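Let's take a walk through this model together. Have the sequence and the coordinates open, and we will go from the overall picture to individual side chains.

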Amino acid sequence: MNFIMKAAMGGGPPDVGKMLGGEEKEEDPDAAKKEEERQEALRQQEEERKAKYAKMEAEREVMRQGIRDKYGIKKREEAEAEAAAAAEETAAGSLTRPKKAVPAGCGDEEEEEESIMDTVMKYLPGPLQDMLKK
C-alpha cells in the first residue's frame, strides 16, 4: 500500500525505471583511464613509502654501528659466524661429531619410578606408608 502511495506521488524506489525497461545507466568512457591513474598513484605512493622506510633503516643502522664501535660489540651475524667456525675447528680433528648433553630426566628409568613412588608416599598418611614399605 505504501509503495502505491509513493508511486502515485512520484516518490517510488529509484530502480523502478529499470524494471519497466527505462533508461539504463551508461558507463563512463573515461572510467578505465581514471582507474589506471588511480592504480599508478597507489604504486607511486607505495614506492615513496618504501624509500622512506629504507632511508630510516639506513640511518638506524649507521647509529647501531656507531654504538657497536663505541662499545666493541660485534654484529650478530659476525658473532654467529665466529662461533660456527670455532665449532668446526674443534670438530676438525675429531673422527666423530661432538656429543650433545643428555637432558635431565632422560636415562635410567628406575630412578624415575623410585622418585614417583617417593612422591606418592609423601602424601599418604603414616599407617599406609608403613604398610606399603613392608
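A word on confidence comes first: pLDDT is the predictor's confidence in each residue, on a scale from 0 to 100. You are looking at a predicted model, so this score is a good place to begin. Across the protein chain the mean pLDDT is 77, and 61% of the residues reach 70 or more. Where is confidence lowest, and where is it highest? The lowest value belongs to helix α2 (residues 16–19), with a mean of 61, while α3 has the highest, at 95.

Now for the overall layout. The protein chain contains six helices and zero strands, so reading from the N terminus the order is simply α-α-α-α-α-α. Of the 134 residues in the chain, 2% are buried. The accessible surface of the protein chain amounts to about 13200 Å², and carbon and sulfur atoms account for 56% of that surface.

Helix α3 deserves a visit of its own. It holds 41 residues and spans 60 Å from its first C-alpha to its last, which is close to the 60 Å expected at 1.5 Å a residue. Just after α3 comes glycine 72, with a positive phi of about 70°.

Next, the charged side chains. How many salt bridges does the model have? The count is nine. One of them joins arginine 49 to glutamate 46, with an N to O distance of 2.6 Å. Both residues belong to helix α3 (residues 31–71) and are three residues apart, about one turn of the helix. Are these two partners buried, exposed or something in between? Arginine 49 has a relative accessibility of 39% and glutamate 46 has 33%. Buried means under 20% and exposed means over 50%, so values in between count as partly exposed. Arginine 49 is therefore partly exposed, and glutamate 46 is partly exposed because its value also lies in that range.

Further along the sequence, arginine 64 takes part in two of these contacts. Its side chain meets glutamate 57 in a salt bridge at 3.0 Å, N to O, and meets glutamate 61 in another at 3.1 Å. Glutamate 61 and arginine 64 are three residues apart in helix α3, so about one helical turn separates them. Arginine 64 is partly exposed, with a relative accessible area of 34%. Glutamate 57 is partly exposed too, at 34%, and glutamate 61 is partly exposed at 28%. These contacts belong to a wider arrangement: salt bridges with shared partners link Glu57, Arg60, Glu61, Arg64, Arg68 and Lys75 into one network.

Finally, turn to the aromatic rings. How many aromatic pairs does a search of the whole structure find? The search finds zero. There is, however, a contact between a charge and a ring: the charged end of lysine 52 sits over the ring of tyrosine 53, at 5.6 Å from the ring centre.

Conventions:
Residues numbered from 1 in each chain as written. Predicted model: local features only at pLDDT ≥ 70, side-chain atom pairs only at ≥ 80, totals over all residues. Heavy atoms only, no water. Salt bridge = Lys/Arg side-chain N within 4 Å of Asp/Glu carboxyl O. Helix = DSSP H or I, 4+ residues; strand = E, 2+ residues; numbered from the N terminus. Buried < 20%, exposed > 50% of the residue type's maximum accessible area, 1.4 Å probe, protein only. Areas by Shrake-Rupley, 256 points an atom, 1.4 Å probe, with all protein chains shown as cover. Expected span 1.5 Å × (residues − 1). Phe/Tyr/Trp six-rings, centres within 6.5 Å; stacked < 30°, edge-to-face > 60°. Lys NZ or Arg CZ within 6 Å of the ring centre and 35° of its normal.
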